[in-house]
Amino acid sequence: MPKSLYIDPEITLRPKEHEIKFPEIPVMQYKKTVKDELKEGNFTKEDLLRIYRDMFTIREFETMLNLVKTTGGYNGVEYNNPGPAHLSAGQEAAAVGMAYNLDTDDFIFGSHRSHGEILAKGLRSIEILPEKELEKIMNEFWGGATVNVAKKGFKGSTKELGVRFLIYGAIAEIFARTTGFNKGLGGSMHTFFTPFGIYPNNAIVGGSGSIAVGAALYKKVNCKKGIVVANLGDGAMARGPVLEGMTFASMDQFHTLWEGDMKGGLPVLINVMDNQYAMGGQTKGETMGYTFPARLGAGFNPEAWHAERVNGYDPLAVIDAFRRKKALLEKKEGPALLDVVTYRYSGHSPSDQSSYRTKEEIAAWEAEDCIIAFGKKLIEAGVATQKDLDAIQAKMKETIFEMYKLAIDPEVSPRMDLVKDNELLGDMMYSNGSVDSFGDAKPEVLMPLEENPRVKQIAGKSRFYLDAEGKPVSSMKMYNFRDGVFEAIVDRFYKDSSLVAYGEENREWGGAFAVYRGLTEALPYHRLFNSPIAEAAIIGTAIGYAMCGGRVIPEIMYCDFLGCCGDEIFNQLPKWQAMSGNILKMPVVVRVSVGSKYGAQHSQDWTSLCTHIPGLKVVFPVTPYDAKGLMNSALQGTDPVIFFESQRLYGIGEQFHEGGVPEGYYEIPLGEPDVKRAGKDVTFLTIGATLYRALKAADMLKEKYGLEAEVIDARTLVPFNYEKVIESVKKTGRIIIAGDASARGSFLNDLAANIADLCFDYLDAAPVVLGSRNWITPCHELEEAFFPQPEWFLDVINEKMVPLPGYVPTGNFTNAQQILRAKKGV
Amino acid sequence: MAQVVIMPKQGQSVESCIVSEFKKKVGDSVKVGDILFGYETDKATFEEESQVEGTVLAIFYKDGDEIPVLSNVMVIGQPGESFAEFAPSAASNDAGKGAAGGTEPSETHATFGTVRGGTVSAANGGVERSETVSEGSSPSAAAIPGAPASPRARKLAEEKGVNLDTVAGSGPGGRIIERDVLAAAVPLTGLAKAKMAEGGLVAGAGSGLAGTVKGGDLKTWKPNHTDIPGEGTEFETVKMSNMRKLIAKSMYNSLQNSAQLTHMLGADARKIQALRKKAKKALEEGKIDANITINDFVCFAVIKALQKFPNVNSHCLGDAMRLFKAVNLGCAVDTERGLMVPVIKGADALDIISLSKELKKAADACKKGSFNPDLLAAEAGSFTVSNLGGYGVEWFTPIINVPQSAILGVGTLVPRPKLNAEGQYEFVPYLGLSLTYDHRAIDGGEATRFLKQVATEIETLEVEF
């Protein structure tokens, strides 16, 4: 909501033009012949033969995999590949045409059906890379482990070795070997190789739709060379992440608000491999209504994304389109959309019997086969004889067969031994790095930090909740939780030039909860901006941004909106570090605000959902001191952190840390719970804002019943160090684990189960979980019945641990009631 | 001025002793060196000699009482002197853990909300968590056998020797919780605790000071076996003595928890026989003052061998080894009370005469039951020698005194044919050596080399006296 953009009622209500005009979207306009292209000097004969070679290589590669899946071997050498194989035979011209104009600075992202694309981009990279550089890449990759296998018995040129390396690395990855491009942890649907500009393929249809946009954002913000291509299927155009990613990439602000170098469109190209089918559904005529995927461009911006539909059965047509689109992106006129018509011969996967199409249809497309057709054109144009083409085929067949044999040989291509070394994969889940800055430039800021109005305001505040005389400080003068988060973030903005933050209102307003107040003055638009209301794009783009090497703080305004970016939070963000074989880092700190007061869709604590997913770190501080220290740690780290903040506590002062919140930089390591109050009769372990209600319960318990509660704040849920809790339970023998999440299926139960396990002999009563009711969150006026209250702690102590004399329970925590509620599903 | 006689502390692990018999009664006159009373631990018996001269003014216990160590036992002085101030009930004698002084254990009567943590600690006697008292009302009166108990309560009951069947639960649904066990854990004497820990016994009403449960108060011995017909007519069931049970436990434990096997080897005994002759002569001639036996020479040779094999002079802890710098030699002694293994600490520093004397002294003390109990523990020794030669046993398989790594059994002398230098067989006295070792600690090769070394030392022993 920038003030500079005036919404004029005159223009808005009484526009001059009374219809929306769409630009025309070209369809199949390429008409040139091979001879034309040769005449124009666009290709040499060698270029054309390499295009043929690359297409054939993909075909033979996919044929090999298909034979392995369907006949259990290739050229008579048996192998069983239990993993997936989504093959792209038929789409070779589209893949090779896509890659032809790209260099290694240009990144491609793919789908589950991307073997062809990675081979095409890899082969192209090998062709254009200087030999020395290619050698260096191969020798440094896994310390030479991959190239050493590809080199076995080979004495040819570096470029030829490069081809062997590419094919071997890809097969080894598909067959889950440690010499594969991602140590076998990615597999068929996720194979990639960043030194060739090949970024992750994605097994979630459309997953790359927002990630690639984030990669383009990284290139733009960090002034990096190259464009980004997202290769998606026609079916993916139905997916939210694609549509949200396209929305994000279409933002007006790139042109209206971003300044200087940063002004202009994102260098991203959505490349639709329009192979006609989405699983068994037919996109044209059945499951979609766009007729052509290219039409979608018209919905996003006045340029209709410069969309075009091109003939993906002619590699030269695709190359022509890419040449023009790339030039456009380099002029900052992106984004762009290509709809590349192609056809997949194979089913969705080898288990697909193609029952949804006729043999005639497949035969008709095979008659148009892009490789045969291109071969004929080359012969007609006098570029090659059939014998030349046969020789190319024979050579590539031989190479693939050789690489196949090496990749299935357990001696040279071993798998990870996770049975013998069963911590190996566990140790790959996080990178656990400590990095001051991911940027190599001077951080771009608009003013010295000390001149910032927010910084000045904070300087006048008391950093502890009591003043020197022990009297409570007024809320206006008290350093609060949002100040703690702000200090950590602004510090990092001045340290790390790569850091960007965005979300649904992050700028002028200072964020919905005023945490970012003051950042607007400090940062240019490209480092802090408002995103569309598109959570999938907010997180998806952050993933792409981090994958390419940048640090990012995306914000999800309410915890309840996590579902809107479920795939990104659960399937993408946590997975890529391990799935890449630790090649990628994921320095993403997702700020998530946990609400209350606003009813059932704005008041839920979903920390448990995040703890369930391996690969995420989950933090939930509730004091200013912890917020600043944990945010500093999260931002210094290299792992994805979901950083929860409670809306109940933004205004709260520091009540625990002696001397208040330090002015300087400090880190609190993730994973360490903190004893907020010592006691000896019962332990309260809390998650989130429940801490303050637990403290109130501890007061009541002490005052009325002489029992002293030890109150521990979990602070971090993943990782979590149980040692302090065990020590406490050894002392007290009793523990209540409390938080605001609905109790059923929550992380509270996980803690309780582990504590029961680890402290069994020390327990005087079973650990008790005190969560919210398994209801919708009622309106604010009724919340006391829903969220754990101080009295509930006493209730369960009396009911389940040690009867309190003369105690009158406020709620029903009897076993009978517990069983009854479970029976009712509440 | 009247002198008080206290119960001595015999060893680190001893908490109390039982007075077997008072040799003096009130009014008797006493000289220095007179035996005042005999007393025993579960491992040994002792006699307390008077350090002073005078008249017995007071005796605070009777025969058979278990007395916490360092407690006042009797007073000796001049007739007419005051002694009441020495009475244990008047003194705030809290030296004996588990036997707190004067005040009643009163936590069950503590009124809720009025008791602040700390003020009741003295009343609890041995209860570390006095604060738990403040938690609640009096536990309900009835103890229900088989009532549920929290894991923490179970653990504590085991530690405190409390039978949960006798405890009334005050937790939710009558569950026995920690505080109930604490309330039920009446103070026990050391002996009572040790007996309880072995199981089968429950505390009866404490007859000791402040309700302390003594060994004699323990009730209901539940035999550990199945009854068969014929009791009384065909056979008699006799409870094992405490010492017997201890031996049984440690021998069983040894065989259960280590990997032992025995190697046997003979040693030409002519050399030590000659030495024995020489020593006898030297004793008769008054050149030495010790009767050095064949066993002493064997022990001396063993010590020399151990110095060359530090791995054998060790404890095996399963995942670690204790390698001893000195040789702490255990020597099995058969006594009326049962097998005892006194340890000679630092035996490698002794010459043959001192070693002989120490071994004799230890054996005598064991037979009398007055050996320091701390030196009877298996942990005190680094290696043990057991000699059955005197009984004509040729070979045997001694059981390791765990955690020690090995034990050497010494058999009798047996004449065996041996080729002499002339190629003729002659009969030579051979000493049977049986080395049992823990294969977890030592491999067969090393064990054999060590045993051979013992034999070599025996065959080549040189001793000057």
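This passage describes a predicted model of a complex, from confidence and interface to salt bridges, backbone geometry and a surface patch.

We may begin with how far the predictor trusts its own result. For the complex, the predictor reports an ipTM of 0.75 together with a pTM of 0.72. Chain B has a mean pLDDT of 80, and 81% of its residues reach 70 or more. Residues 90-141 of chain B call for some care in reading, as pLDDT stays under 50 over that stretch. The model nevertheless has 85 contacts beyond four places in sequence for residues 90-141 of chain B.

The meeting of the two chains comes next. The size of an interface is often given as the accessible area lost when the parts come together. Between chain A and chain B, the buried area is about 1600 Å², and carbon and sulfur atoms give 50% of that area. On the side of chain A, the residues that lose the most area to chain B are A:Asp764, A:Pro803 and A:Pro805, which together account for 30% of what that side buries. Counted by contact, 24 residues of chain A touch 19 residues of chain B. The number of salt bridges between chain A and chain B is zero.

Over all chains, by comparison with that interface, the structure holds 61 salt bridges. A pair in chain A offers a good starting point: the side chains of A:Lys325 and A:Glu308 form a salt bridge, with an N to O distance of 3.0 Å. Because A:Lys325 belongs to helix H13 (residues 315-330) of chain A and A:Glu308 to strand S8 (residues 308-311) of chain A, this pair ties together parts that are 17 residues apart in sequence. A:Lys325 and A:Glu308 are both buried.

A second pair in chain A is made by A:Arg677 and A:Asp699, whose side chains meet in a salt bridge at 2.7 Å, N to O. Here too the pair links distant parts of the chain, with A:Arg677 in strand S16 (residues 674-677) of chain A and A:Asp699 in helix H25 (residues 690-705) of chain A, 22 residues apart. A:Arg677 has 30% relative accessibility and so counts as partly exposed. A:Asp699 is likewise partly exposed, because its relative accessible area is 36%.

In chain B, a salt bridge joins B:Lys155 to B:Glu159, and their closest N and O atoms are 3.5 Å apart. These two residues lie four residues apart in helix H2 (residues 151-160) of chain B, so about one helical turn separates B:Lys155 from B:Glu159. With a relative accessible area of 29%, B:Lys155 is partly exposed, whereas B:Glu159, at 52% relative accessibility, counts as exposed. Salt bridges can also share partners, and in this way A:Asp626, A:Asp674, A:Lys676, A:Asp713 and A:Arg715 are joined into one network.

The backbone has some features worth a look of their own. Most residues other than glycine have a negative phi, and most peptide bonds are trans. A cis peptide bond is found between A:Gly334 and A:Pro335, where omega is about 0 degrees. A:Pro335 sits in the loop between H13 and strand S9 (336-341) of chain A; H13 is also the helix that holds A:Lys325. In chain B, the peptide bond from B:Val402 to B:Pro403 is cis as well, with omega near 10 degrees. The loop that contains B:Pro403 runs between strand S18 (383-387) and strand S19 (406-419) of chain B.

Positive phi values occur in residues other than glycine. In A:Gln276, phi is near 85 degrees. A:Gln276 is placed in the loop between strand S5 (268-274) and strand S6 (277-278) of chain A, and its 16% relative accessibility means that A:Gln276 counts as buried. In A:Ala304, phi is near 50 degrees, again a positive value in a residue other than glycine. A:Ala304 lies in the loop between helix H12 (283-287) and S8 of chain A. A relative accessible area of 1% makes A:Ala304 a buried residue.

Finally, the surface of chain B deserves a mention. B:Val4, B:Ile6 and B:Leu70 make a nonpolar surface patch of about 190 Å². Of these residues, B:Val4 belongs to strand S1 (residues 3-6) of chain B. B:Val4 has 31% relative accessibility and therefore counts as partly exposed.

Notes
Residues numbered from 1 in each chain as written. Chains lettered and ligands numbered in written order. Heavy atoms only, no water. Patch = residues over 30% accessible without salt bridge, like charges linked within 9 Å, V, L, I, M, F, W, Y side chains within 5 Å. Areas by Shrake-Rupley, 256 points an atom, 1.4 Å probe, with all protein chains shown as cover. Salt bridge = Lys/Arg side-chain N within 4 Å of Asp/Glu carboxyl O. Buried < 20%, exposed > 50% of the residue type's maximum accessible area, 1.4 Å probe, protein only. pLDDT = per-residue confidence, 0-100. Contact = heavy atoms within 4.5 Å. Buried area = accessible area lost by both parts, 1.4 Å probe.
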